[in-house]
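Hi everyone, thanks for coming. I'd like to walk you through a structure that is new to most of us, so please have a look at it with me.

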Amino acid sequence: MYAKSQARPDTIKVQSDNGSLRLQFSTKYNPIFGGKRKHQALGMKDVPENWQKAIAIAWRIEDDLSHPEWNKLFDPTFAKYGLKTKYTAESKLATSELEPD
């Protein structure tokens with residue numbers, strides 16, 4: 001079953017997937033991830049205290065991506081947000097492509 005964070009727009013959702021938490025990026029961010037929908041595993045079990053951590057990570061990423069200079073702030077390796085991943089986002093877009101609707 002999937003659940004989403006509450007208190008933020010649904011551009012980055014926290015979800016439970018087989019007992020672990022992950023982030024799901026909305027299609028708005030597809031160009032950053034090579035045109036594909038992005039899910040990012042958080043390496044956290046689905047327990048209440050981890051939901052709070054996961055939501056905080058989602059907010060930090062959302063803040064970076066919503067900033068006018070997002071391409072300087074967003075860390076495509078996700079290390080800045082405390083995550084380890086083999087995937088790196090393709091952050092070669094013009095800022096105007098990610099501006100809110």
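Let me begin with a word I'll use a lot: a residue is called buried when its relative accessible area is under 20%, exposed when that area is over 50%, and partly exposed in between. Also keep in mind that what you see is a predicted model.

Let's start with the sheet. Three strands make it up, an open sheet with the order β1-β2-β3 and antiparallel pairing. Which strands stand at the edges? They are β1, residues 12–17, and β3, residues 39–45; each has a single partner strand, so one side of each has no neighbour in the sheet. On average, neighbouring strands here are turned by 30 degrees against each other, if we ignore direction.

Now zoom in on one pair. β1 and β2, the latter covering residues 20–25, run antiparallel to one another and share 6 bridges. If you'd like a single example to find on screen, take S16: its bridge partner in β2 is L21.

Next, the helix. α1 spans residues 48–66 and lies across β1, β2 and β3, at about 150 degrees to β1.

Now to charges. Side chains of opposite charge can pair when their charged atoms come close. How many salt bridges does the structure hold? There are 2.

One of them joins the side chains of D17 and R22, with 3.7 Å from N to O. Are these residues buried or exposed? D17 is partly exposed, at 28% relative accessible area, while R22 counts as buried because its relative accessibility is 15%.

The other salt bridge is between K80 and D64, and here the closest N and O atoms are 2.8 Å apart. Where do the two residues sit? K80 is in the segment after α2, which is residues 70–73, and D64 is in helix α1, so this pair ties together parts that lie 16 residues apart in sequence.

Let's stay with D64 for a moment. D64 has 10% relative accessibility, and because the cut-off is under 20%, D64 counts as buried. Its partner K80 is partly exposed, with a relative accessible area of 35%. And what does D64 touch, leaving aside residues up to four places away in sequence? The list is W70, L73, F74, K80 and Y81. So K80 turns up twice for D64: as a contact and as a salt-bridge partner.

That's the tour. Thanks for listening, and I'm happy to go back to any part of it.

Methods
Residues are numbered from 1 along each chain as its sequence is written. This is a predicted model: local features need pLDDT of at least 70, side-chain atom pairs count only at pLDDT 80 or more; totals for chains, interfaces and linings use all residues. Side-chain values use heavy atoms; hydrogens and water are left out. Two strands pair if DSSP finds at least two bridges between them. Helices (H or I, at least four residues) and strands (E, at least two) are DSSP runs, numbered from the N terminus. Axes are lines fitted to C-alpha atoms, for helices over the stretch in contact, and angles run from 0 to 180 degrees between N-to-C directions. Contact means heavy atoms within 4.5 Å. A salt bridge is a side-chain nitrogen of Lys or Arg within 4 Å of a carboxyl oxygen of Asp or Glu. Buried means under 20% relative accessible area, exposed over 50%, partly exposed in between (1.4 Å probe, protein chains only).
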